[in-house]
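Hi there,

Here is the structure I promised to pass on to you. Please open it beside this email and look up each residue as you read.

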Amino acid sequence: MHYSETWDLDRIFPGGIESPALQTKLTTIKHQLRDTQTTLTNWRADADTPNFDWFEQIVRDLQTIEAGLAQSEVFVVAIQSADASDTKAGAVLNHLYQLDNEHEKLMTQFKNLLVDLPQATFDKIITEPDLQPLAFNLKEMRQQGLALLDSETEALINNLAIDGFQGWSDHYDTLVSQMQIKYTDQNGKTTLLSAGQAQNKLAAAMPNAQRADLMANWEQAWQQYAAPFADTLNHLAGFRLQNYQAHGTTNFLAKPLALNRMSQATLDMMTKVVGQNKDMLLHYLQRKAALMGKTQIDWQDLEAPLTLGTATNTQTYDEAAEFVIDHFQKFSPKMAALAKYAFDHRWIEAENRPNKRPGGYMDNLPETQESRIFMTFTGSPNDTATLAHELGHAFHADVLKDLPLWRQDYAMNVAETASTFAELIVADANVKSATDAKTKLNLLDAKMQNPLAMFLDIQARYLFETRFYQARQQHVVTPTELSDLMLAAQKEAYGDALTTYHPMFWASKLHFYISDVPFYNFPYTFGYLFSLGIYAQAKHDDHFEDRYIALLRDTANMSTEDLARKHLGVDLTKPDFWQAGVALIKRDIDEFMALSAPLL
């Protein structure tokens, strides 16, 4: 079977960034915003009893506008991701941000309305048949409304955020799109790579000296832009902290925890278990260094594949697609069917070419009930795992598509559960498919990228971001200070196990510059360990698919702790559940150590 490596965006809006259909959609959204504003302003509870028909219409209209905005933004961001040099996309995206801002004003007005309702009226509203499925979301919005300022002030903050907050996030993308990193191949030929291409090269097979040279060029390239990157990060954090202060919030973790519907007790327990169990990963890194002919690992070796034996461990895109579909089938026929549909209908942009942005993501299209996946496929086992990861996100979105839009608004931590679960399926299958010890070692090493990231890299990001925000509350943090904070965080997380580190990681990591998601780090660790617990249960449950889908369908309908209690019967504030996931990681490390011992 042959699958296209480029996605189909014409199914969303035909004609590219100047699509007439897109322009028509934006005009429609403007009219919807105006009409909903009028209805919302004129609504009175006493005139809408006993069935609250107008209130239900407001709820439907707000979700319709949100869906249209999401549909449009996914399309524009997709164009921008696939071609970072497209300047027209940025202008359209800015227009969408302004419409987003108008929708956010309506949501502020709606939340204030919920706060003003008498408790008895609110209780009656959320028991109405068409609104009962949204009862949790409406309660959550009412609670959020308690922290809001008056509508005029909130509107002003939102207006200022377009240039004073989102604008800085966009500025980061502009800077990255202009970067070029020097790369010298094994024949001595030197070329200039985009940031995305260089990032992929660092994770590809190459001699140690060549990778060290590329890493030095990578670090230097980010260092050259250190001043504008530091300005960008400081202004993003400064706006966010001022916004928190205006709303009476001094704890900069309060918003990230609320966004993830997660308690501080759960975060503290998870972080504690990670810290107590990271030594096994440090032992693995020592062994990997020895297998690479080194005394100690360097930063650029963390994602470098082992190349033991003669097997290349590479796959074509078509082979990777069939591998993912086949192994999804063993756990969930519905997952496999969704993946096959995604490949057949060109949901995925995977072609390896210049001018693409780095990284990978999945975005959901609520109006057409599809997804789009962005990545760059080079044939490595990690690329196949990324493909599975993003398809896991798409499956999560697919099982929710019949629910109201607000019931599809799951938090990032549980979003990473479905994706990581899908990735685990493929990683395990890769290891089991190995026919000799060296090949199995290569694949076990590839599988270890996840626990390495979740226990060490994510911990370093979390430590850095926490300390950066503490410092930013006092002063603007200089580029040198940022690099010092990052180096200290990496050394603490990795236990001084590396010879070299990546002090400019604060600039090279996109996640620090995403405006709408603060602390884009600990939810990954949560999703990974949560998915490990689900994966362990899946192997011994004949009714797993039904239970798994039931859990996913509740991900935007309760707190994280309640979700785990209802569907897994576990308490996330206790260590037992987290340790069960750690045990699966230890199993892989033990196998890696046993298989590699005879090679030393």
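What follows is a short tour of the salt bridges.

Please keep in mind that this is a predicted model. Across the structure there are 27 salt bridges, and a few of them make a good place to start.

Let's begin with K294 and D301. These two form a salt bridge in which the closest N and O atoms are 2.6 Å apart. Are the two partners buried or exposed? K294 has 18% relative accessibility, so it counts as buried, because the cut-off for buried is under 20%. D301 is buried as well, at 0%.

Next, find R372 and E370. Their side chains meet in a salt bridge, with 3.1 Å from N to O. R372 counts as buried at 0% relative accessibility, and E370 counts as buried at 6%.

Then turn to E492 and R467, whose side chains meet in a salt bridge at 2.7 Å, N to O. Which parts of the chain does this pair tie together? E492 sits in helix α19 (residues 479-493) and R467 in helix α18 (residues 449-472), so the salt bridge joins parts that are 25 residues apart in sequence. E492 is partly exposed, with a relative accessible area of 40%, and R467 is partly exposed too, at 26%.

Finally, have a look at E349, E351, R353 and K356: salt bridges link these residues in a network.

Enjoy exploring, and write back with any questions!

Best wishes

Notes:
Residues numbered from 1 in each chain as written. Predicted model: local features only at pLDDT ≥ 70, side-chain atom pairs only at ≥ 80, totals over all residues. Heavy atoms only, no water. Salt bridge = Lys/Arg side-chain N within 4 Å of Asp/Glu carboxyl O. Buried < 20%, exposed > 50% of the residue type's maximum accessible area, 1.4 Å probe, protein only. Helix = DSSP H or I, 4+ residues; strand = E, 2+ residues; numbered from the N terminus.
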